[in-house]
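I opened the notebook with a short list of things to look up: how one pair of helices packs, where side chains of opposite charge pair, and what surrounds one strand residue. The entries follow in that order.

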Amino acid sequence: MSSDTVKDLTPSRENNVATENKDAHIGNNGGTEILSKNQRKKLLRHQKWEDERNLRKQKRKEKRQKRSLERKTQGDEGGEFVAGRKRLRKEVKPSSPLRLVIDCSFDNLMMFKDVRKLHKQIQRCYAVNRRAVHPVQFYLTSLGGKLKQNMDKTDEGWVNWKDITVKAEAYHEVVAKEQLVYLTSDSPNVLTELDDTKAYVIGGLVDHNHHKGITFERAQELGINHAQLPLNSFVKMNSRKVLAVNHVFEIMLVYLEKRDWQEAFFTVLPLRKGAIPLGQEGTATEEEDFDRDSDTAETVIQNTQDQQEKGQGGQDTLQLKEAPKEQTAA
């Protein structure tokens with residue numbers, strides 16, 4: 001073979017080597033390995049992903065800027081903006097002078113599991129007040145002991161809560177006695193209207209009803225006003241008339257918005273309570289379950305009520321069995 005022929009073959013050999021190098025990579029042992037078709041495709045996709053990294057980053061930045069501008073525009077108009085599943089957090093100033101106080105002075109009467117449940121109820125109260133149409137002035141008093149320890153351990157962010165007044169002192173040391181009204185089922189007084197000049201106290205006690213009537217006794221000892229919610233005037237229930245602390249709190253908030261006790265009760269009361277409007281016992285139908293805290297302990301609003309009597313014609317009225325729930329004394 002002549003030298004010219006060898007020269008003609010050399011470029012072709014180099015091209016073949018270059019083509020093979022495209023389909024090969026350095027293996028773990030230092031040698032070259034031939035890539036399969038799928039491996040080459042995967043390598044190309046990875047290379048494309050890397051090449052477009054800066055472009056994706058720029059798109060995300062533009063998207064965040066667009067969202068920020070929309071939130072700012074919506075906030076200036078005074079409305080709410082929802083992006084995905086996130087709700088715009090806005091500064092909420094109490095629109096009602098009415099005060100709701102949770103009395104946390106029963107720490108020594110509760111087991112630690114019940115303290116944790118009370119903490120959940122307080123979290124719920126804070127959340128609904130932040131979203132309420134007419135948020136109230138929210139107070140936590142006598143905060144300390146196991147409750148505060150649990151809050152510090154499991155919810156460190158609570159110290160940054162807004163629109164809430166937290167005090168280690170008792171409620172009667174924070175608010176003048178003549179302005180206090182303790183909400184307790186044992187009171188003979190029935191609450192019909194809310195007085196914006198008053199501070200309504202909810203007993204923060206989860207005790208499985210072992211200390212029934214304790215809040216009423218304390219209210220009498222301090223010589224402050226007391227009352228019970230007008231549940232008997234609007235609601236017929238198959239179960240015991242007990243509500244979680246946050247249920248009482250929510251009922252008060254809904255009443256401030258609607259100015260209708262019956263609507264407030266049936267907006268908040270869970271279906272498991274078997275609640276129906278008074279006077280409609282024989283024609284009760286199932287309603288939507290509005291239970292917002294089925295895992296929390298409950299605070300007593302009214303005394304235990306007997307099972308509903310059978311309706312006319314031998315038909316039993318609707319009775320919804322309630323799963324065992326922890327109770328609180330009020």
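**Helix packing**

I looked first at α9 and α10, whose crossing is right-handed. I note here that the model is a predicted one. Helix α9 covers residues 245–258 and helix α10 residues 261–268, and I read an angle of about 135° between them, with the axes 8 Å apart. That angle makes α9 oblique to α10.

I then listed the residues in contact: α9 contributes H247, E250, I251, M252, V254, Y255 and K258, while α10 contributes W261, E263, A264, F265, T267 and V268. Sorted by class, I find 8 nonpolar, 2 polar and 3 charged residues in the contact of α9 with α10.

**Salt bridges**

Next I asked how many salt bridges there are. The count comes to 6, and I looked up several of them in turn.

I started from K258, since this residue of α9 had already appeared in the contact with α10. Its side chain meets that of E257 in a salt bridge, at 3.6 Å from N to O, and E263 joins E257 and K258 in a network of salt bridges. For exposure I noted that E257 is partly exposed, with a relative accessible area of 36%, and that K258 also counts as partly exposed, at 39%.

In helix α5 I found D152 and K148 paired by a salt bridge at 3.0 Å, N to O. The two are separated by about one helical turn, because they lie 4 residues apart in that helix. D152 is partly exposed at 30% relative accessibility, and K148 is partly exposed at 32%.

I then turned to R130 and D163, which form a salt bridge with their closest N and O atoms 2.5 Å apart. This pair links distant parts of the chain, with R130 in helix α4 (residues 112–131) and D163, 33 residues away, in the loop between α5 (145–154) and β7 (164–166). Is R130 buried or exposed? I find R130 buried, with a relative accessible area of 16%, whereas D163 is partly exposed at 28%.

**A strand residue**

Last, I looked up T141, which lies in strand β6 (residues 137–141). I recorded a relative accessible area of 1% for T141, so this residue is buried. Leaving out residues up to four places away in sequence, I listed what T141 touches: V101, I102, D103 and C104, then K167, E169, A170, Y171 and V174.

Key: Residues numbered from 1 in each chain as written. Predicted model: local features only at pLDDT ≥ 70, side-chain atom pairs only at ≥ 80, totals over all residues. Heavy atoms only, no water. Buried < 20%, exposed > 50% of the residue type's maximum accessible area, 1.4 Å probe, protein only. Contact = heavy atoms within 4.5 Å. Axes fitted to C-alpha atoms, helices over the stretch in contact; angles between N-to-C directions. Parallel < 35°, antiparallel > 145°, perpendicular 65-115°, else oblique. Left-handed = near helix turned anticlockwise from the far one by under 90°. Nonpolar A, V, L, I, M, F, W, Y, C, P; charged D, E, K, R; others polar. Salt bridge = Lys/Arg side-chain N within 4 Å of Asp/Glu carboxyl O.
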